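Colleague: Please take a close look at one part of this model and follow it from end to end. I would like a connected account of what surrounds it.

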Amino acid sequence: MSVLAKPFGIVIVFLSFLGGFMLMGGNLAAIWHPAELVVILGIALGAFMLSAPMHVWLATVASIGRVFGGEPVNKQLYAEALGVLDELVRTGRASGVLTLEKHIFTPESSPIFSKYPRVLKHRVLKKFIVDNFSYLLLNPPQSQDFESHLIEQVDGIYNSRMEVPKATGKIADWLPGFGIIAAIMGVIMTMTLLGGEMDVGLIGQSVGAALVGTLMGIFLAFAFVAPFTHFLEVMNRQERALLEMIAAYLDAYSNGVSPSLAIEIARQRIPPEYELPRV
């Protein structure tokens with residue numbers, strides 16, 4: 001259902017926008033001015049490229065797939081994350097910590113990780129688990145504050161993920177201004193029609209076309225780019241909560257608590273909407 005929500009939302013936006021205009025007695029041809037869209041979208045794309053480094057461009061394209069691919073964080077992913085952590089720890093306790101190397105260094109071929117396909121598919125989550133188990137396998141000195149190390153990692157991942165919504169949020173703020181630019185260009189074109197035997201009808205069409213520029217800038221900003229930005233922010237906060245749960249488990253494990261208690265500590269960090277039953 002979540003996969004269909006975004007296309008369905010787009011349909012509702014367009015039906016409300018175009019249907020409402022028609023119910024007012026408007027003619028759709030009056031708001032179809034490709035030149036205005038070229039100005040607005042072209043400037044928006046150029047401004048985005050000027051304001052963000054290339055890795056943010058690529059991450060933005062990837063984020064479009066994330067938005068339309070369904071919610072990446074769900075109860076099943078939380079359950080699998082706890083499952084793989086518990087199995088890795090119990091395997092290490094039963095057979096020795098060194099037996100975890102084959103699972104940590106090559107998770108794609110690990111019989112443990114293969115049981116949890118959602119964890120394997122989630123690149124950031126898999127890397128976070130693998131990197132920190134590798135860190136623990138190196139037996140860091142007690143002087144190292146592992147909890148702070150985990151928090152810094154979570155903060156770094158979250159801040160990196162937030163670069164995309166920060167960039168697209170700026171475009172949402174700027175789009176109405178780009179619409180005004182298109183409108184002013186339309187007004188300039190209208191000025192050329194004044195003088196002599198003025199065609200009132202043509203002048204009216206030209207003014208209407210200019211106003212469409214402002215309309216489109218506002219519409220694109222608040223109906224598409226701003227919601228896209230907000231959804232990315234929500235997804236990033238959800239992923240941060242997931243990583244914080246993993247961090248709580250790993251910190252408890254590093255302090256020598258039992259696997260059962262570590263699971264309980266981690267389970268209490270799960271947000272209410274993804275809460276898992278005790279087993």
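**One helix and its surroundings**

Modeller: Val-200 counts as exposed, at 66% relative accessibility. This residue lies in helix α10, which runs over 200-254, and that helix is the part I will follow. The model is a predicted one.

Three residues of the helix give a first view of its setting. The C-alpha atom of Val-200 is 22 Å from that of Ala-35, with the two positions 165 residues apart along the chain. Leu-211 is also in α10 and is exposed, with a relative accessible area of 56%. The C-alpha atoms of Leu-211 and Ile-31 are separated by 9.1 Å, although 180 residues apart along the chain. Phe-219, again in α10, counts as buried at 12% relative accessibility, because the limit for buried is under 20%. From Phe-219 to Lys-102, 117 residues away along the chain, the C-alpha separation is 53 Å.

Phe-219 also leads to the aromatic contacts. With ring centres required to lie within 6.5 Å, the model has 7 aromatic pairs. One of them joins Phe-133 and Tyr-253, with centres 5.9 Å apart and planes at 45°, so this pair is tilted. Tyr-253 belongs to α10 and Phe-133 to helix α7, so the pair ties together parts that are 120 residues apart in sequence. Phe-133 is buried, with a relative accessible area of 1%; Tyr-253 is buried too, at 17%. Elsewhere, ring pairs link Phe-219 and Phe-224 with Phe-14 and Phe-17 into a cluster.

Two positively charged side chains are placed over rings. The charged end of Lys-6 sits over the ring of Phe-231, at 4.0 Å from the ring centre. For Arg-240, the charged end sits over the ring of Tyr-158, and the distance to the centre is 4.8 Å. Phe-231 and Arg-240 both fall within the 200-254 span of α10, with the helix supplying the ring in one case and the charge in the other.

Phe-133, the ring partner of Tyr-253, also appears in the nonpolar packing. The largest nonpolar core has 42 residues, and Ile-129 and Phe-133 touch the most other members. At least two residues of this core come from each of α4 (75-95), α7, α8, α10 and α11 (259-267). The biggest share is that of α10, with 10 residues. Helix α4, another contributor to the core, contains Tyr-78. Tyr-78 counts as buried at 0% relative accessibility, and its C-alpha lies 8.7 Å from that of Glu-275, 197 residues away in sequence.

The helix also borders open space. The largest pocket has a volume of about 860 Å³ and a lining of 32 residues. Nearest its centre are Arg-66, His-122, Val-124, Arg-161 and Glu-239. Among the elements that each supply at least two residues of this lining are α10, α3 (54-68), α7 (123-137) and α8 (146-161). Helix α3 gives the most, with 7 residues. The lining is divided by class into 11 nonpolar, 11 polar and 10 charged residues.

The second largest pocket holds about 730 Å³ of space. It is lined by 25 residues, and those closest to its centre are Ile-64, Thr-168, Phe-224, Val-225 and Phe-228. Two or more lining residues come from each of α1 (2-23), α2 (34-51), α3, α9 and α10. Here α10 gives the most, again with 7 residues. This lining has 21 nonpolar residues, 3 polar and 1 charged. Phe-224, close to the centre of this pocket, is also a member of the ring cluster with Phe-14, Phe-17 and Phe-219.

To put the helix together: α10 has exposed residues at Val-200 and Leu-211, and buried ones at Phe-219 and Tyr-253. It gives the most residues to the largest nonpolar core and to the lining of the second largest pocket. In the largest pocket, α10 is among the contributors, while α3 gives the most.

Technical notes. Residues numbered from 1 in each chain as written. Predicted model: local features only at pLDDT ≥ 70, side-chain atom pairs only at ≥ 80, totals over all residues. Heavy atoms only, no water. 1 Å grid on protein atoms, 1.4 Å probe; cavity = no way out; pocket = protein on both sides within 12 Å on 5 of 7 lines; lining within 4 Å. Points joined across faces, edges and corners; volume = space filled by probe spheres on them. Helix = DSSP H or I, 4+ residues; strand = E, 2+ residues; numbered from the N terminus. Nonpolar A, V, L, I, M, F, W, Y, C, P; charged D, E, K, R; others polar. Phe/Tyr/Trp six-rings, centres within 6.5 Å; stacked < 30°, edge-to-face > 60°. Buried < 20%, exposed > 50% of the residue type's maximum accessible area, 1.4 Å probe, protein only. Lys NZ or Arg CZ within 6 Å of the ring centre and 35° of its normal. Core = buried A, V, L, I, M, F, W, Y, C linked by side-chain atoms within 4.5 Å.
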